[in-house]
Structure formats: structure tokens, C-alpha cells
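I have a new structure open and a blank notebook page. Here are my entries, jotted down as I looked things up.

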Amino acid sequence: MDRPGVGCGVVILNEAGELLLIQRRKAPQAGHWGLPGGKVDFFEETRMTAAREAQEELGIKVAIGELICLTEEHHAEEAERYHWVSPVYRAASFEGKAVLKEPDKHSGLGWFALDALPKPLTEPTRQVLPHLRTKTGDAG
């Protein structure tokens, strides 16, 4: 990629305060756990992308709430050269039970307490965590 890509992510927390993460099957960051989300289509609003990606990846309907933060990740080595900028939203609510709808892209999903997250985490997910811990009152 010769210019930054635009993606987005969505933080989905259940009533117990657990975070929904999916495990990537493909590069970049294969095997890492991260937020649902993906590439913004041309002329698509990022809020719509976040809702669409949750539906496509997990089969759940998400009402998109506040913008939590903007993440940025880049990798300069030629074999995996990329640069992504992504707004991350909080889900105001969701309907349905999360299931893997794209098993070619994701190998696992789970609900995790913020103090017991799986490893490794994707870079955008690591960048979001301080914002979640501040908002939820978790000092860790």
C-alpha cells in the first residue's frame, strides 16, 4: 500500500463488562486477538462500517455509540508494508449472539474481562485499552 488505508473498529461490551474479541487468521497480525472491524468502503461513513463489519463478522446488529479514539498502525518492512488509520467506536447496544461468520478470516471469538485479555493483542486493540480502562474505572 502506498498510502494509508482507512479502517474502523467497534468495542462491544456485554452486561458483565467483558470485551468481545476475535482472533485473526490472516496477516497482518495473524493469531492476534482484536476488535471487530475492517476497511471503510469508498463514501461509506465510518459508523456504518463499524456496524456493517460487526454484522458480517459476527452476525450481530450493533447500534454505534460514541467515538472512543483514533488508532494508527504501520509496518514498514517490504514483506508486510501497511499503514492504517482507524476510528474506534463504542457499541451503544447490540442484538444477537456473536458467532464466527467469516471462518476464513477469523479462528476464534470470545468475551474477556478487561483484566484477563488473551495474548497477543492487535496493535489497534492495545491502543484502545487505556481509553476503556479510564472510562470503566479500571486502574489496570
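**Entry 1: a residue in E6.** I began with Val88, which I found in strand E6, residues 82-95. Keep in mind that I'm working from a predicted model. Is Val88 buried or exposed? Its relative accessibility comes out at 1%, so I put it down as buried, the cut-off for that being under 20%.

Next I looked up what Val88 touches, skipping residues up to four places away in sequence. My list has Gly9, Val10 and Val11, then Leu35, then Glu66, Leu67, Ile68, Cys69 and Thr71, and finally Val128. I also checked a distance: from Val88 to Glu45 I get 13 Å between C-alpha atoms, with their positions 43 residues apart in sequence.

**Entry 2: another stop in E6.** Ser86 sits in strand E6 too. I read 11% relative accessibility for Ser86, so this residue also goes down as buried. What does Ser86 touch, not counting residues up to four places away in sequence? I noted Gly7, Cys8, Cys69, Leu70 and Thr71. Cys69 and Thr71 were already on my page as contacts of Val88.

**Entry 3: a sheet.** I then turned to an open sheet of three strands. I wrote its order as E3-E2-E7, and the pairing is antiparallel. Which strands stand at the edges? They are E3 (33-34) and E7 (106-112); each has a single partner strand, so one side of each has no neighbour in the sheet.

I took a closer look at how E2, residues 19-24, meets E3: the two pair in the antiparallel sense over two bridges. I picked out one bridge partner here, with Ile22 matched to Gly34 in E3.

**Entry 4: a loop residue.** Where is Thr122? I found it in the loop between E7 and helix H2, which covers 123-136. Thr122 has 7% relative accessibility, so I count this loop residue as buried.

Leaving out neighbours within four places in sequence, I have Thr122 in contact with Arg24, Gln29, His32, Trp33 and Gly34. Gly34 is a name I'd just written down, as the bridge partner of Ile22.

**Entry 5: how confident is the predictor?** I saved this check for last. The chain averages a pLDDT of 92, and 93% of the residues score at least 70. Where does pLDDT stay under 50? I found that over residues 136-140, and the model has five contacts for them beyond four places in sequence.

How values were computed: Residues numbered from 1 in each chain as written. Predicted model: local features only at pLDDT ≥ 70, side-chain atom pairs only at ≥ 80, totals over all residues. Heavy atoms only, no water. Pairing = 2+ DSSP bridges. Helix = DSSP H or I, 4+ residues; strand = E, 2+ residues; numbered from the N terminus. Buried < 20%, exposed > 50% of the residue type's maximum accessible area, 1.4 Å probe, protein only. Contact = heavy atoms within 4.5 Å. pLDDT = per-residue confidence, 0-100.
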